[in-house]
Amino acid sequence: MLEIRNLHVKLEEEDKVILRGVDLTIGAGEVHAIMGPNGSGKSTLSYVLAGRDGYEVTEGSARLEGRELLDMEPEERAAAGLFLAFQYPVEIPGVGNMTFLRTAVNAQRKARGEEELSAGDFLKVVREKARTLKIDAEMLKRPVNVGFSGGEKKRNEILQMAMLEPRMCILDETDSGLDVDAMKLVADGVNALRSDDRSFLVITHYQRLLDHIKPDVVHIMAAGRIIRTGGPELALEVENNGYADILGEVG
Amino acid sequence: MALPKAKEDALAARLAALPALSGKGWLAAARAEALARLQAMGLPARRDEYWRYTDPASLNAPEPLPAQRFDVTDEAAPFDGMDRLKIVFVDGVFDAAASDDLALAGVSIERLATTGDTDIHWAQGLYGTLEARGQTPVPRPLAALNSAFATDGVLIHVTGRAAKPISLVYIHKSETSDAILHHCVKLGPGAELTLLENGPAAARFSKVMEVDIADGASFHHIRIQGRDHERRAVTHLFARLGAKSELRSFTLTANGRLTRNEAVVELTGDEGRAHLAGATVGDGEFHHDDTVFITHAAVACESRQVFKKVLMNGATGVFQGKILVKPGAQKTDGYQISQSLLLDEDSQFLAKPELEIYADDVKCSHGSTSGAIDETALFYLQSRGVPRRRAQALLVLAFLAEAIEEIADEAIAEDIRARLERWLARHGSR
Ligand SMILES: Nc1ncnc2c1ncn2[C@@H]1O[C@H](COP(=O)(O)OP(=O)(O)OP(=O)(O)O)[C@@H](O)[C@H]1O
Ligand SMILES: [Mg+2]
């Protein structure tokens, strides 16, 4: 599904290197987790994959189902099936959440040569999916993320993911700021989307989320590289001992 | 007092190119007074206080600069489907065939050109009167020029509730047309009228509208200034409001080489309400100037100015807005916001917001900002699959929303949003 090869990234504006050769392969239907200390480059990796400005790829490639992502505009990547749930979802005053969702869904359908959803059909689907995420109708009417609590913003990300039905979902600390019940809702939302032709990359600091969303593979990122890859037990090791041992081994 | 030599020469050159004034009737007297005002002021110059940001040269020049007409084929003309009374001017000349009969219940509608030579007319108490009042403290010579030389216009007297909107349609055909129109609108106590204006009008267009709104009357004004790229326009709205009366004026400007829209509003009766709003989108060779002066001369009046401009590829926006609260105008509620969204670094916004307050129990706020599009929001939208141009349009419409919300008629507001959306799909920086 996703194949990242020797990815090197620096900041465009300054000479600061952030990713120093990331290699990562995620097969169809797999769930991978990335853990790693603050500032190790996890969000940067997700932004670079999604196509955010401000980063310069100096080397490497990232292919989604064989197609080079790094040559595409962000909206093309989305249409190709990539989705990023932001660590910090963005507030957009003046743009209604519903308008936003419908514009996004229909833009992607159009890009893929599919017919746009009618207003009625769209409404039905959104309401249904919002209900399972316990997002009330009032929140759908408000401007995108404006005045949403931290947890509401994260649930709104999952709602978008559910509406857009991407192939490759990247979740950047979607668990942070969530209470126990909300975490369960989000995890259920993700698990409901799991399928043989959809993959997940879950960035998290905590084992807790991984109790709910069982990963197939766990990676540890440090200083812009994946320094260890293992099974779910690796997350437990981090939870119990922190990063010191793992970093020590490598460093 | 004698004018400086440069101003004298400029005025002499302009006057020489204008047609002789008609010699009889009430209008002749009003014109003569206006001409005297103009001769005392001279034409505007770059050094004049309210002309620093806008060059009046092309508005002063004896001949207009040529402007190609722009045929709109991709959307219906504004207000097309509406039940309205249509009055059409082509290059400033009344087009009887294209206009409806000037008959509307509760309203008397006449043309300036056909009533000007009568001895007495209700409009003689209004024509040039509000314009003359509006000359202090800030001189507006181009308005006086208009009063002196307007060739036509409509005189509307509303006594009840107008059965439908009156719609002035300004068509631009000739590349060298130089139109001068002057309208008077008088609303009696409790009267109601919606006035629609649309179209570029001419290569160069000068328009004055004087509106007298009696106690409890309500005047709604919506204007769409056409899509011609090369036209130039200077317009003045002079309004006087009585007690518990209402003025709402909204202008959409897209394109146009030069636009100077002045509004001079005087709240003279208690609890009057004046809302002025503008949504402007400009791309490239585009200069748009909103100059507003609101005087609070009575108790508990409310005024709002909401002006939003979206500028790209070297376009310029200007806002000069003043709220004057006179002594005794207690409980004034004055709000003014002027904002621009600059889609690139070549575009600019020049603003001069002013408050002058001589009463102590007032609530006045003003704010002026100039900003770029929120790149983070743009990326967020794109990351959801929304193409950049469309994402930009969504953010721009969100930015303009506060101005569009000033339109009372939701169907018109929706139509204007759609026009803006299409404009934004056609234009973009980068
Ligand atoms: N646009 C930027 N400008 C300046 N520094 C940046 C920028 N983006 C990332 N960095 C820096 O790059 C490093 C990696 O940041 P990144 O956000 O990718 O870390 P992270 O692994 O997601 O951390 P966390 O666990 O705290 O979310 C940090 O040192 C960060 O300050
Ligand atoms: Mg991060």
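This note covers a ligand site and a metal site in chain A and a strand in chain B of a predicted model.

1. Surroundings of ligand 1. The shell around ligand 1 holds 15 residues, and those that come nearest are A:Gly39, A:Lys42, A:Ser43, A:Thr44 and A:His205. Helix H1 of chain A supplies the largest share of this shell, three residues. Sorted by class, the shell has eight polar, four nonpolar and three charged residues.

2. Polar contacts of ligand 1. Two contacts go to the backbone: an oxygen atom of ligand 1 is 2.9 Å from a polar backbone atom of A:Gly39, and an oxygen atom of ligand 1 is 3.2 Å from a polar backbone atom of A:Ser40. A side chain also takes part, with an N or O atom of A:Glu173 at 3.2 Å from an oxygen atom of the ligand. Ligand 1 taken alone exposes 640 Å², of which the protein buries 65%.

3. The magnesium ion. Ligand 2 is a magnesium ion, coordinated by OG of A:Ser43 and OE1 of A:Gln87 at 2.0 to 2.2 Å. A:Ser43 belongs to helix H1 (residues 42-50) of chain A, while A:Gln87 sits in the loop between strands S6 (82-85) and S7 (92-96) of that chain, so the pair ties together parts that are 44 residues apart in sequence.

4. Burial of the two metal-binding residues. Are A:Ser43 and A:Gln87 buried or exposed? The cut-off for buried is under 20% relative accessible area. A:Ser43 has 18% relative accessibility and therefore counts as buried. A:Gln87, at 13%, also counts as buried.

5. Strand S9 of chain B. How many of the 10 residues of strand S9 (residues 204-213) of chain B are buried? The count is 10 of the 10, so the strand is largely enclosed by the rest of the structure. In a regular strand, side chains alternate between the two faces of the sheet. Here B:Arg204, B:Ser206, B:Val208, B:Glu210 and B:Asp212 point one way, and B:Phe205, B:Lys207, B:Met209, B:Val211 and B:Ile213 point the other way. Charged residues such as B:Arg204, B:Glu210 and B:Asp212 are among those buried.

6. Neighbours of S9 in chain B. Strand S7 (residues 178-187) of chain B runs parallel to S9 and is joined to it by 10 bridges. Within this pairing, B:His183 stands opposite B:Met209 of S9. Strand S11 (residues 232-241) of chain B also pairs with S9 in the parallel sense, over 10 bridges. There, B:Thr235 of S11 is the bridge partner of B:Lys207.

How values were computed
Residues are numbered from 1 along each chain as its sequence is written. Chains are lettered from A and ligands numbered from 1 in the order in which they are written. This is a predicted model: local features need pLDDT of at least 70, side-chain atom pairs count only at pLDDT 80 or more; totals for chains, interfaces and linings use all residues. Side-chain values use heavy atoms; hydrogens and water are left out. Buried means under 20% relative accessible area, exposed over 50%, partly exposed in between (1.4 Å probe, protein chains only). Helices (H or I, at least four residues) and strands (E, at least two) are DSSP runs, numbered from the N terminus. Two strands pair if DSSP finds at least two bridges between them. Donors are N, O and S atoms within 2.8 Å of the metal (3.2 Å for Na, K and Ca); water is not among the atoms, so sites may look incomplete. A residue is near a molecule or strand if one of its heavy atoms lies within 4 Å of it. A polar contact is a pair of N or O atoms within 3.5 Å; within protein, one must be able to donate a hydrogen and the other to accept it, and residues adjacent in sequence count only if both atoms are side-chain atoms. Accessible areas come from the Shrake-Rupley method with a 1.4 Å probe; for residues, only the protein chains shown count as cover.
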